[in-house]
2 protein chains.
Amino acid sequence: MRVLGIDPGLTRCGMGVVDGELGRPLTLVDVNVLRTSSQVPVPERLVTIEKGIDAWLDDYRPDAVAVERIFARSDVSTIMGTAQASGLAMVCAARRGLPVALHTPSEVKAAVSGNGRADKAQVGAMVTRILRLPAMPKPADAADALALAITHIWRGSAQARIDAALSRAAQTRPGRAAGKAVR
Amino acid sequence: MRVLGIDPGLTRCGMGVVDGELGRPLTLVDVNVLRTSSQVPVPERLVTIEKGIDAWLDDYRPDAVAVERIFARSDVSTIMGTAQASGLAMVCAARRGLPVALHTPSEVKAAVSGNGRADKAQVGAMVTRILRLPAMPKPADAADALALAITHIWRGSAQARIDAALSRAAQTRPGRAAGKAVR
């Protein structure tokens with residue numbers, strides 16, 4: 001399974017591609033941070049981000065896209081740009097029929113470090129270890145994008161196993177388990 | 001001048017096309033409200049909105065797109081979807097090289113009614129009168145989109161006249177006026 005993780009932002013948009021599956025070592029494919037200048041009008045900045053995401057979808061052909069879920073209670077000064085970049089990331093994926101998953105920052109921190117309140121440095125250190133990288137990806141947006149991709153591979157695989165098990169149970173014991181296969 | 005006004009939203013996205021110029025009667029070209037169901041995943045809803053906006057850009061070929069400027073202090077429960085829809089509107093226009101202008105709700109209310117605190121009914125009534133419509137456009141998102149287009153034609157025309165006058169002044173009296181032509 002190949003996942004593109006996107007840490008959305010207007011000034012810095014992290015993108016990380018990871019290959020792998022649950023229970024096996026994961027592999028870094030590529031990581032980058034798209035940057036746009038605050039001197040440029042927002043519509044043009046969004047077009048730059050869209051082109052950058054589309055180019056990676058073309059080049060790396062991920063099976064799924066994982067985007068950080070943004071909350072309205074986040075930093076007000078950057079929330080609009082972040083929301084717009086996250087919407088673009090979702091559209092770029094959905095347009096191609098790719099599954100899109102949203103993971104909260106707490107879910108990502110918990111998945112990679114076991115601690116939903118881990119700080120940036122802890123997340124970066126765990127990403128470095130999980131992907132066996134020679135150095136921590138920088139800036140933090142790069143590490144966060146990889147952490148999103150890792151989270152999605154682990155959560156997605158686990159969910160797929162649960163769904164498959166429930167589906168099998170429903171087929172073999174339709175009377176008892178049919179109602180449980182609904183997510 | 002033909003302007004597409006967009007009142008962005010995930011559940012209801014108003015779109016209104018108006019023809020005209022400052023000092024002449026304006027004409028309604030078309031108005032519609034794109035709707036997406038909250039039962040559908042957000043990425044798919046955004047793709048539906050993108051397709052709807054793109055279709056109108058294809059069909060009506062506006063000279064400019066006017067989008068409501070969203071503030072982070074708006075209603076928290078809908079701000080994310082609104083921000084994402086507004087980003088999409090900007091991208092759809094900018095991708096085609098069309099100028100995009102953002103107008104605040106207060107600017108729109110002031111432009112069409114002379115009162116920056118006008119309510120929905122007053123804005124709707126003024127849009128109906130300005131475009132000489134047989135009835136008020138409904139829902140409010142439709143009237144708001146038309147109000148945005150009207151605002152843009154009036155503001156854009158006024159700004160263009162000021163720019164042109166400053167430019168002429170700069171050409172005829174380069175020594176005195178050159179510094180003033182900068183916006």
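Buried area is the accessible area that two parts lose on being put together, summed over both. With that in hand, let's look at this predicted model, beginning where the chains meet. Chain B and chain A bury about 1700 Å² between them, and 82% of that sits on carbon and sulfur atoms. In terms of residues, 22 from chain B are in contact with 22 from chain A.

There's some charge pairing across the interface too: the two chains share 2 salt bridges. Take A:Arg95 and B:Glu50, which form a salt bridge with their closest N and O atoms 2.6 Å apart. Polar contacts between chain B and chain A come to 4 residue pairs, counting pairs with both residues at pLDDT 80 or more.

So what does chain B bring to its side? Helix H1 (42–60) and helix H2 (76–95) of chain B each supply at least two of the residues that touch chain A. H2(B) gives the most, with 12 residues. By type, the residues on this side of chain B split into 16 nonpolar, 3 polar and 3 charged.

Now for the cysteines. Over all chains, the structure holds 0 disulfides. Why don't A:Cys13 and A:Cys92 bond to each other? The closest cysteine sulfur to that of A:Cys13 is in A:Cys92, and at 9.5 Å it is too far for a bond; a disulfide would need the sulfur atoms within 2.5 Å. Looked at from A:Cys92, the closest cysteine sulfur is the one in A:Cys13. As for their surroundings, A:Cys13 counts as buried at 0% relative accessibility, and A:Cys92 is buried with a relative accessible area of 0%.

Key: Residues are numbered from 1 along each chain as its sequence is written. Chains are lettered from A and ligands numbered from 1 in the order in which they are written. This is a predicted model: local features need pLDDT of at least 70, side-chain atom pairs count only at pLDDT 80 or more; totals for chains, interfaces and linings use all residues. Side-chain values use heavy atoms; hydrogens and water are left out. Contact means heavy atoms within 4.5 Å. Buried area is the accessible area (1.4 Å probe) that two parts lose on being put together, summed over both. A salt bridge is a side-chain nitrogen of Lys or Arg within 4 Å of a carboxyl oxygen of Asp or Glu. A polar contact is a pair of N or O atoms within 3.5 Å; within protein, one must be able to donate a hydrogen and the other to accept it, and residues adjacent in sequence count only if both atoms are side-chain atoms. Helices (H or I, at least four residues) and strands (E, at least two) are DSSP runs, numbered from the N terminus. Ala, Val, Leu, Ile, Met, Phe, Trp, Tyr, Cys and Pro count as nonpolar, Asp, Glu, Lys and Arg as charged, and the others, Gly among them, as polar. Buried means under 20% relative accessible area, exposed over 50%, partly exposed in between (1.4 Å probe, protein chains only).
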